[in-house]
Amino acid sequence: MASRTTHRDPVLDTRSLNRATLARQLLLSRAAMSAQDAVTHLLGLQAQNVKPPYFQLHARLAGFRPAELAELMESRRVVRMVTMRSTIHTHTAHDALTLRPLVQGARDREVNLFRKGLVGVDLERLGELARTFVEAEPRTMGEIREELLGYWPDADPQALSVAARCRLPLVQVTPRGVWGRSGQVRLTTVRQWLGAPAKDEAAPQQAAQAEQAEQAEQAEQALDDVVLRYLGAFGPASVKDMQVWAGLTRLGEAFERLRPRLAVFRDENGVELFDLPDAPRPDAGTPAPPRFLPEFDNLLLSHSDRTRVIAPEAKGRSWAGNQAYCTLLVDGFLGGLWRLARGTLTVELFDAPSKAQKDEIVAEGERLLAEMTETEGPGSVRFGSIRG
């Protein structure tokens, strides 16, 4: 999409973008909000591992305790499933049903990468066979793979697994994802787990065509709604920013439909940024307290240009190979890493903090130890390498 940015558009510098994003992410001050409302506002929580969603909410909500999110998991008001960027997220039941269809096109393209291992496989039939299998009872991915190999023994086993995962909206059933419990990953469809009604597959052709047109209109409206919600949680942002967050392409048309309703800015490089007109954009000098974030926090993953949170000199420091570290925000930016083990919180800082900053980091760390661990005694915060 060609940029319509002009010199009349207000410019937001990096610190202004940082403070605006932190405000949307509930990281400038902890919000008096329920865990369910926070999961809704944030459009889900990155959940590649089991514990990160709990630590994400602890950094953002006043009075949060892990039992609150665990109860939402067990009551099926939130679920774990693959959505944005083909990664696992924790979503409310409503968003699980509405966000997953929006990324289906990306999941279909993912299957195409494995077509060499799917020669002779009817993907429509695969989807229906897998659906029947997992809706009979939740299954492991290994069980799904073995079931499908019974129909296509010459297919690549990994390709069959990918096809099933991408063709079907699968959720990880509890106790997987519940704080303090463990469980193997077992899967069923989101509609089966939530008890949502299935679509009528046997509608007459004329009715089906009318329904198809209605569904297309509804899909467009649903996408527009998600654009607005994304800006509410991650804005101000460019079209490319949202495309990175969602793992989708060609979102420019939706932004153009919404342009009359949006405020338009540009960053210091002239990139056009969109935002909700009444969304908070705090002063660049607003204090930002330290926050301990888990690995894969969406704050660090949801923009094409991540300099609003990660300064150029810190780029790449939160990763080592395929491993992501837990991260620490200092003055609103990536400023260190942390590790929690046996009641000791080890903090590795990138730069020497002021005494006031160090005191704030210790206080925030002690709060994390008190509220997010069950070890006997008060625990301790120490500074040093987390990789030692």
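**Group meeting: cavities, helix packing and a sheet**

Helix 12 gives the most to the lining of the largest cavity, with three residues. I start there and work outwards. Before that, one caution: this is a predicted model.

The cavity in question has a volume of about 60 Å³. Its lining consists of Met84, Leu99, Leu102, Val103, Leu223, Val226, Met242, Trp245, Ala246 and Leu248. If you want to find these on the screen, look for helix 5 (93-102), helix 11 (205-234) and helix 12 (239-246), each of which supplies at least two lining residues. What is the character of the lining of the largest cavity, by class? There are ten nonpolar residues, no polar ones and no charged ones.

How many cavities of 30 Å³ or more does the structure hold? There are three. The second largest has a volume of about 40 Å³. Around it sit Gln25, Leu42, Gly44, Leu45, Gln56, Arg60, Phe234, Asp297 and Asn298. Here the classes are mixed: three nonpolar, four polar and two charged residues.

Two backbone details belong with these regions. Leucine 43 has a positive phi, near 60 degrees, although the residue is not a glycine. Leucine 43 sits in the loop that runs between helix 2 (35-41) and strand 1. The other detail is a cis peptide bond from glycine 235 to proline 236, with omega near -5 degrees. Proline 236 falls in the loop between helix 11 and helix 12, and both of those helices contribute to the lining of the largest cavity.

Next, the open pocket. The second largest pocket has a volume of about 550 Å³. It is lined by 27 residues, and the closest to its centre are Lys51, Phe55, Trp338, Leu340 and Ala341. Helix 3 (52-58), strand 10 (323-324) and strand 12 (333-341) are the elements that give two or more residues to this lining. Which of the elements has the largest share? That is strand 12, with four residues. By class, the lining of this pocket comes to 15 nonpolar, five polar and seven charged residues.

Now the sheet. Five strands make up an open sheet, ordered 1-3-2-4-5, with antiparallel pairing. Strand 1 (45-46) and strand 5 (187-189) are the edge strands, each pairing on one side only. At the strand 5 end, three bridges join strand 5 to strand 4 (residues 170-172), and the two run antiparallel. To place one of the partners, glutamine 172 is bridged to leucine 187 in strand 5.

The loop between strand 4 and strand 5 contains proline 175. Threonine 174 and proline 175 are joined by a cis peptide bond, with omega about 20 degrees. On the same part of the sheet, helix 7 (residues 123-136) lies across strand 4 and strand 5 and runs at about 115 degrees to strand 5.

Last, helix 9 and two of its packing partners. Two packed helices are described by the angle between their axes and the distance between the axes.

The first partner is helix 8. Helix 8 (residues 141-149) packs on helix 9 (residues 157-167) at an angle of about 110 degrees, and the axes are 9 Å apart. That angle makes helix 8 roughly perpendicular to helix 9. From helix 8 the contact uses Met141, Ile144, Arg145, Leu148 and Leu149, and these meet Pro157, Gln158, Leu160, Ser161, Ala164 and Arg165 in helix 9. The contact has seven nonpolar, two polar and two charged residues.

The other partner is helix 6 (residues 104-112). Helix 6 and helix 9 pack at an angle of about 170 degrees, again with axes 9 Å apart. How are these two oriented towards each other, given that angles over 145 degrees count as roughly antiparallel? Helix 6 and helix 9 are therefore roughly antiparallel. In helix 6 the residues involved are Gln104, Arg107, Asp108, Glu110 and Val111, which meet Val162, Ala163, Arg165, Cys166 and Arg167 in helix 9. This contact has four nonpolar residues, one polar and five charged.

One residue to keep in mind is Arg165 of helix 9: it appears in the contact with helix 8 and also in the contact with helix 6.

Definitions and conventions: Residues numbered from 1 in each chain as written. Predicted model: local features only at pLDDT ≥ 70, side-chain atom pairs only at ≥ 80, totals over all residues. Heavy atoms only, no water. 1 Å grid on protein atoms, 1.4 Å probe; cavity = no way out; pocket = protein on both sides within 12 Å on 5 of 7 lines; lining within 4 Å. Points joined across faces, edges and corners; volume = space filled by probe spheres on them. Nonpolar A, V, L, I, M, F, W, Y, C, P; charged D, E, K, R; others polar. Pairing = 2+ DSSP bridges. Contact = heavy atoms within 4.5 Å. Axes fitted to C-alpha atoms, helices over the stretch in contact; angles between N-to-C directions. Parallel < 35°, antiparallel > 145°, perpendicular 65-115°, else oblique.
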